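The following exchange examines how certain labels are assigned to residues and how confidence is read along a chain.

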Amino acid sequence: MISCVSEEAKLEKQISEAYVAALNEFGPDLTDHFPSSLISPRQFSVIYPAGAIDNGMAFFIYTQQVDSSEFRSTIAKLNSNNIQALNPKDSAFIIIGDSLEYRHKTSFQSYERDFGLNNKYLTENHTLYILESREGIYMDHDYLPTNRSLPKKWKHGFTRGLATNKKQNELIYWLCVW
């Protein structure tokens, strides 16, 4: 019994350290919207910039379920900062890492759609809050993916934000860099 508990604690510590390492890898300018520590230790996913060429992007995603009070507080904070609530099915979006041809699209927001609990696509129950989306180079040149299907202006860039699911009191923090 003691060894199982200590192994579990050791694993949770390793996961927490990996989370902090991901925060540090991407830097506070891109990750300041993430919680500073894990509440749900096994609900995050990361592809570091060194893996961006193979994956079309680097990303950091953390999903947590919170109580209804914290959920409402988060939504209120987003609303008070005038962050627009968006439907993830909106056709104005370019899905980073998607195989669709976007080269001729001139106006859009972007996010990585394959995230959340169990790596699911966002549904109509989700609301997107894009905190920031910018074109430009935000990782080492050696790691930049090609992204031939994106508009020239957006060949490289980042997007970061929060997705919410009111039915599950779910908060999904994300950062994608390509």
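**Two asparagines and the confidence of the model**

Q: Why is asparagine 169 called buried?
A: In this predicted model, asparagine 169 has a relative accessible area of 18%. Buried means under 20%, so asparagine 169 is buried.

Q: Where does asparagine 169 lie, and what is its phi?
A: Asparagine 169 is placed in the loop between β6 (157–165) and β7 (170–177). Its phi is near 50 degrees, a positive value in a residue other than glycine. Most residues other than glycine have a negative phi.

Q: What makes asparagine 82 exposed or buried?
A: The relative accessibility of asparagine 82 is 71%. The term exposed applies over 50%, and asparagine 82 therefore counts as exposed.

Q: Which loop holds asparagine 82, and what is the phi of this residue?
A: The loop between α4 (68–80) and β3 (93–95) contains asparagine 82. Phi of asparagine 82 is near 55 degrees, again a positive value in a residue other than glycine.

Q: Which elements have the lowest and the highest mean pLDDT?
A: Strand β4 (residues 109–111) has the lowest mean pLDDT among the elements of the chain, at 49, and α4 has the highest, at 96. Over residues 102–109 the pLDDT is below 50, and this stretch has 25 contacts in the model beyond near neighbours in sequence. The pLDDT is also below 50 over residues 111–120, a stretch with 39 contacts beyond near neighbours in sequence.

Q: What is the mean pLDDT of the chain?
A: The mean is 80, and 78% of the residues reach 70 or more.

Notes:
Residues numbered from 1 in each chain as written. Predicted model: local features only at pLDDT ≥ 70, side-chain atom pairs only at ≥ 80, totals over all residues. Heavy atoms only, no water. Helix = DSSP H or I, 4+ residues; strand = E, 2+ residues; numbered from the N terminus. Buried < 20%, exposed > 50% of the residue type's maximum accessible area, 1.4 Å probe, protein only. pLDDT = per-residue confidence, 0-100. Contact = heavy atoms within 4.5 Å.
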